[in-house]
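User: I am new to this structure and would like a close look at a single part of it, followed by some connected context.
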Amino acid sequence: MMVLGSGEYHRFEAAGRPFVYLVPSAAVFALDDAADAVLRALAQRGRTRDELVGELSDLFPRSELDETISELERVRAIGDVHVPDKPLPKFFPLMPFPLTTMVLNVTNQCNLSCTYCYEYSEDKIVDTENGKKPKFMTEETARESVEFMLKESGANRMAHLTFFGGETLMNFPVLQKTVAYARERAAELGKEVDFSLTTNATLLRPDVIEFLAENRIGVTISIDGPKEMQDKFRVFHNGAGSYDIVAPKIKELLRRHRSRPIGARVTLTSGVLDIKRIFRHLTEDIGFWEVGFAPVTTSPGRDYAISTGGMDTVLAQFSELADEFLEAAVANRHHGFSNVKDTLEEIHKGVSKAYPCGAGLGLMGVATDGDVALCHRFAGSDSHKMGDVRTGIDRNAQMAFLEKHHIADKTDCSTCWARPLCSGGCYHEAYTRYGETTRPNLHFCEWIRGWTDVCLRVYGELSERNPAYLAQFDHMESVAERAV
Ligand code: SF4
Ligand code: SF4
């Protein structure tokens, strides 16, 4: 006799009604009263179909219960308890997988000396000072990188080129020439290139701003917040804070460069956790269109590492900002909290990740000498090399990487409901924490599940109160491909 039990799902409430996030299909499902009653009963203990219908038939017509049970079975919210869970399937992307985003490290030098920087701090993985890598990418290597990107982009019409550093603008001459070259070569091949860069804003001179605006280059500024927060860690080599230098330059950039929204990226550290105040300052006082926050990547012993209690504070404040975001979205108003928007987009698209991000797949980082690595954070590291721009992607190394990092092999994640969206988390974070890119970021699980729950709730509310808002995601390209 078949005994029904709970499948893999996460229940949450939004807009006054229950929902489930179904793990096998990564879909969100609104529950009516009958479906909710069935799931609640089976969450207590397994029952046969007849038992279930018998117990609930005082509350709902039998025909409705039958239909509901069949539907819940179909979406795998419930199932036969005697059928063992199948191991996660291990499908690999079809090869050669096209490169959608190339992150070009045009320099590994920086004019700031941010205490927590993964490139220069105690946790660095590439020796950019004494290593063999050139400090600045040459024009020739940049041109070879463009050829590499256009070739490896396969049949895609659009290629994304992101300039990164060190401090990207320390190699502005090469950056300028690369944009012109990439435009010309892409046009010859019937393709297009979308450009973006990340900068600390210290070198945003008028001619640089003019160039960025003229060329419609997407800009992300690394900044930590108001003066006392920015100056705590984001300092010049002599220890002086950078706020007074960058704030006027950013305002000038925002005034002149209006062809694309300009975003801020904030690194959260133990002493800088007043997220709402940072958000207000950056959007209202400075004028950024959007702000994204990321907890610092570090080994746990560092002074600036965020403690578990600190991550609870982050979650509480993220949740409040997410509520503000929701009210704005319901009224079709813009709200610049980009973390929630990115997750909503993934939920809406039913993203179920075999890998946490595009690194090593559609996204790769290129070091100053043209070596290709997993992503920009590994660029220059010989142990994470995946080819070079002259000979192309090393497909054997790529396949070996994909084999080793598939979610199906992360046994700790196999029972986690947040798996479709998290997939174990950032490889660089794992490497910094555990010395191994294959390890899931188990130190962040509570935080990831808490944040995913907040985003699901926002999603559920929007699906009831303003579904048209969610429809905008139908036409957007994927977050993983855009993210740096
Ligand atoms: S790392 Fe943690 S939160 Fe992420 S999928 Fe694995 S178990 Fe879940
Ligand atoms: S999430 Fe981590 S591994 Fe993935 S691209 Fe970003 S820094 Fe690299």
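Which residues are around ligand 2?

Analyst: This is a predicted model, and in it the residues around ligand 2 are C357, A359, L363, C375, R377, C426, Y427 and H428. Sorted by character, the residues of this shell around ligand 2 divide into 6 nonpolar, 1 polar and 1 charged. With cysteine and tyrosine counted as nonpolar, the charged residue of the shell is R377 and the polar one is H428.

For the wider setting, the domain assignment divides the chain into domain 1, covering 3-80, and domain 2, covering 101-396. The C-alpha centres of domain 1 and domain 2 lie 43 Å apart, and the contact between them involves 4 residues of domain 1 and 4 residues of domain 2. On the side of domain 1 that touches domain 2, the residues divide into 3 nonpolar, 1 polar and no charged.

Another contact to follow in the chain is the one between helix 4, residues 139-152, and helix 5, residues 172-188, whose axes come within 10 Å and cross at roughly 35 degrees. The crossing in which helix 4 passes helix 5 is right-handed. From helix 4, the residues E139, A142, R143, V146 and L150 take part, and they meet V174, K177, T178, Y181, A182, R185 and A186 of helix 5. Taken together, the residues of this contact of helix 4 with helix 5 divide into 7 nonpolar, 1 polar and 4 charged.

Methods
Residues numbered from 1 in each chain as written. Chains lettered and ligands numbered in written order. Predicted model: local features only at pLDDT ≥ 70, side-chain atom pairs only at ≥ 80, totals over all residues. Axes fitted to C-alpha atoms, helices over the stretch in contact; angles between N-to-C directions. Helix = DSSP H or I, 4+ residues; strand = E, 2+ residues; numbered from the N terminus. Left-handed = near helix turned anticlockwise from the far one by under 90°. Contact = placed C-beta atoms within 7 Å. Near = placed C-beta within 6 Å. Domains from an automatic or database assignment.
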